[in-house]
Amino acid sequence: MSTGVRPALARFGRSAPRVAVVAVAALALSACGGGTEKSGSSTTPSGPASSADGAGKAPAFPVTVAHKYGSTTIDKEPKTIVTLGLSDQDAVLALGVKPAGSVDWFKEDPYGKWPWTKDKWGTTKPLIVGERDEYNIEKIAALKPDLVIAQYSGMKKEQYDTLSKFTKVVAQPKEHPDYGAPWQVMTRQIGKALGKDAETEKLIADIDTRFKAVRDKHPEFARKTLAVADSFEAGKYSAFTRTDPKAIFFSELGFKLKPEIDTLAKPGWNVAELSAEKLNILDVDRLVWVTSSTEANDRIKAEPLYKKLKVNQEKRDLFVPYQNPDIGAAFSFNTVLSIPYAIDEIEPLLAAIK
């Protein structure tokens, strides 16, 4: 989230957060050997990708992955991986690899808590090496990683440079704003870095099939506009732009997003902050509130200006918990692991709205 945004908002919409690098490069360098990084150029992997089932075929290396800060060549299959993107661990787990280190989102324990990752983690727990975009370089270096992945992140150039002195780093996609890349793009970046292009394409194709099945079952979704919103305190509301994972999720279900929300967001943000007087922007065909408490729900429903909206009066609004059950978290993560869970939970709720 951009500097100055209240931290709680980062749970649901992220954009260019303030960063603190919490160790010196010299100590990191003493922990493990450095990697070769390139700037500016982009090349393709040299050789075929591994088979989709991985039966007896080793991944083809070296591979070169382009990203925001240039490109990184990975010479051999990485064995020890650290993920620094808030949801990056999901794609790595889906490809059969357990990260040795990961960052925490909001003390949410990235290992084992979410129903879509419990079986993947098993009894293994990664070392927590930071919270959001504040990385502990000492802890990362102590793991001696072969590869650091930071896709759904706001990694800064100085962090990238520090980490690149002792390991290979694949930073966030360059064609999209921080926290604004589609899940397919981030998954492909991760898959390429792991030498698992074929497995990655199958994962993406399977998810695309799930989305298409919903669109085919509910053609009426394509005729409806939808917005995703939240409120963290009285009189202040947030609506998520088309680059936010939550909005992307509902778009892929078939809904139309409201472009006016994008125009209200500050440059580089994927969330528009609204006063009660601007709640009319949320008067859409379907309004999804992703909230963290019943208190927030009651407060929103009690807002006099909200009561005037047709979406409220006609009961076309949907209040979805972030967790317990973990529906909001699933489409906030919007990963190859969380999307199937999110679809299963949200589809009947949306279909029930007339």
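Student: Which elements do the buried residues of α10 pack against?
Tutor: They pack against β10 (225-233), β11 (236-240), β14 (286-291), α11 (304-307) and β15 (317-321). Packing rests on contact, meaning heavy atoms within 4.5 Å. Helices (H or I, at least four residues) and strands (E, at least two) are DSSP runs, numbered from the N terminus. This is a predicted model: local features need pLDDT of at least 70, side-chain atom pairs count only at pLDDT 80 or more, and totals for chains, interfaces and linings use all residues. Residues are numbered from 1 along each chain as its sequence is written, and side-chain values use heavy atoms, leaving out hydrogens and water.

Student: OK, which residues of α10 are buried?
Tutor: In α10 (residues 294-302), Ala296, Asn297, Arg299 and Ile300 are buried (under 20% relative accessible area, 1.4 Å probe, protein chains only). These residues lie on the same side of α10, because they cover an arc of only 165° around the axis. The arc is taken from the directions from the helix axis to the C-beta atoms.

Student: How many residues of α6 are buried?
Tutor: Eight of its 11, so α6 is largely enclosed by the rest of the structure. Among them are Trp183, Gln184, Met186 and Ile190.

Student: What follows α6?
Tutor: Gly195, with a positive phi near 70°.

Student: Switching topic. What is the strand order in the open sheet of six strands?
Tutor: The order is β7-β6-β5-β4-β8-β9, and the pairing is mixed. At the edges are β7 (134-135) and β9 (168-170), each of which pairs on one side only. Two strands pair if DSSP finds at least two bridges between them.

Student: Do β4 and β5 run parallel or antiparallel?
Tutor: β4 (residues 81-83) and β5 (residues 101-104) run parallel, joined by two bridges. Thr83 has Ser102 of β5 as its bridge partner.

Student: And what volume does the largest cavity have?
Tutor: About 90 Å³. A cavity is a set of points on a 1 Å grid over the protein atoms alone where a 1.4 Å probe fits but cannot get out, and lining residues have an atom within 4 Å of a point. The volume is the space filled by probe spheres set on the points.

Student: Which residues are closest to its centre?
Tutor: Of the 13 that line the largest cavity, Ser87, Ala91, Met186, Thr187 and Thr335 are closest to its centre.

Student: Which element supplies the largest share of that lining?
Tutor: α6, with four residues. Both α2 (88-94) and α6 (183-193) supply at least two residues of the lining.

Conventions. On a 1 Å grid over the protein atoms alone, a cavity is a set of points where a 1.4 Å probe fits but cannot get out, and a pocket is an open set with protein on both sides within 12 Å along at least five of seven lines; lining residues have an atom within 4 Å of a point. Buried means under 20% relative accessible area, exposed over 50%, partly exposed in between (1.4 Å probe, protein chains only).
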